[in-house]
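Visitor: I have a protein chain in front of me and plenty of terms I only half know. Could you show it to me and explain how each label is earned?

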Amino acid sequence: MTALLLAVALAAQGQGREALGVFDAWGAFRDAAPARCYAIGQPVRGRDGAFASIANWPRSGARNQVHIRLSRARDPRAKVTLAIGERRFELIAGASDAWAPDARTDRAIVAAIRSSRSMSVESVARSGGAFADVYALKGAATAIDAAAMGCARR
């Protein structure tokens, strides 16, 4: 179990978070409040604190929303690009977080994750240097499915 997944599982105790399973480098969890289920993984290369998650929010009907926590604060002028196989996605970004611009892009990203072995999130740090957070995708599809099923009963 990776350090991030272990930390999430330990933090879950007593906080209304239920572990739905750990699948290689990815985990699936369900939170009681706010009600959501998500798959989460951390980069194999990058700084601590970075993660990628794909969440379902049953009350709003949102499914498979992509959220990336960057390993560094980005330069506000820099784009954030998610690369999965041959596909490139430009994300909407805050200082240290990034999201797909719309539900259609969320679906395309999840489809690409299902058929690829790795992905990278690239940008330029506030300090000026380029960086990339690299994720192994083994177990991601199973964690995404577990998260979707975890919220299907709600």
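Guide: Happily! Let us start with a rule: a salt bridge is a side-chain nitrogen of Lys or Arg within 4 Å of a carboxyl oxygen of Asp or Glu. Please keep in mind that this is a predicted model, in which local features need pLDDT of at least 70, side-chain atom pairs count only at pLDDT 80 or more, and totals for chains, interfaces and linings use all residues. Residues are numbered from 1 along each chain as its sequence is written, and side-chain values use heavy atoms, with hydrogens and water left out.

Visitor: What makes Glu18 and Arg30 a salt bridge?

Guide: Their side chains come to 2.5 Å, N to O. The rule asks for a nitrogen of Lys or Arg within 4 Å of a carboxyl oxygen of Asp or Glu, so the pair qualifies. Glu18 belongs to strand β1 and Arg30 to strand β2, 12 residues apart. Strands (E, at least two residues) and helices (H or I, at least four) are DSSP runs, numbered from the N terminus.

Visitor: Why is Arg30 called buried?

Guide: Buried means under 20% relative accessible area, exposed means over 50%, and partly exposed is in between (1.4 Å probe, protein chains only). Arg30 has a relative accessible area of 7%, so Arg30 is buried. Its partner Glu18 has 37%, so Glu18 is partly exposed.

Visitor: How many salt bridges are there by this rule?

Guide: The count comes to seven. Another one joins the side chains of Asp31 and Arg17, at 2.6 Å from N to O. Asp31 is in strand β2 (residues 26-31) and Arg17 in strand β1 (residues 17-23), 14 residues apart. Asp31, at 6% relative accessibility, is buried, while Arg17, at 22%, is partly exposed.

Visitor: And what makes Asp97 and Arg69 a salt bridge?

Guide: Their closest N and O atoms are 2.6 Å apart, and the limit is 4 Å, so this pair passes too. Asp97 sits in strand β8 (residues 97-99) and Arg69 in strand β5 (residues 62-69), so the bridge ties together parts 28 residues apart in sequence. Asp97 is buried at 15%, and Arg69 is partly exposed at 31%. Elsewhere, salt bridges that share partners join Arg17, Asp31 and Arg36 into one network.

Visitor: How do you know that Cys37 and Cys151 form a disulfide?

Guide: Their sulfur atoms are 2.1 Å apart. A disulfide is a pair of cysteine sulfur atoms within 2.5 Å, so the label fits. The count by this rule is one disulfide.

Visitor: Why is the disulfide of Cys37 and Cys151 called right-handed?

Guide: The torsion about its S-S bond is about 95°, so the disulfide is right-handed. Cys37 lies in strand β3 (residues 36-41) and Cys151 in helix α3, so the pair ties together parts 114 residues apart in sequence. Cys37 is buried at 0% relative accessibility, and Cys151 is buried at 7%.

Visitor: How do you know that the span of helix α2 agrees with what is expected?

Guide: The expected span of a helix is 1.5 Å times one less than its number of residues. With 12 residues (103-114), α2 should span 16 Å; its end C-alpha atoms are 17 Å apart, which agrees.

Visitor: Why do we say that the buried residues of α2 line one face?

Guide: Those residues are Thr105, Asp106, Ile109, Val110, Ala112 and Ile113. Seen down the helix axis, they fall within an arc of 160°, so they line one face. That arc is of the directions from the helix axis to the C-beta atoms. On the other side of α2, Arg104 and Arg107 are exposed.

Visitor: What covers the buried residues of α2?

Guide: The cover includes strands β4 (51-57), β5, β6 (80-84), β7 (87-93) and β9 (118-124), plus helix α3 (140-152). A contact means heavy atoms within 4.5 Å.

Visitor: Ser53 is in strand β4; is Ser53 buried or exposed?

Guide: Ser53 has a relative accessible area of 8%, so Ser53 is buried. Not counting residues up to four places away in sequence, Ser53 touches Ala39, Ile40, Gln65, Val66 and His67.

Visitor: And how many helices and strands does the protein chain have?

Guide: The protein chain has three helices and 10 strands. Buried residues make up 46% of its 154 residues.
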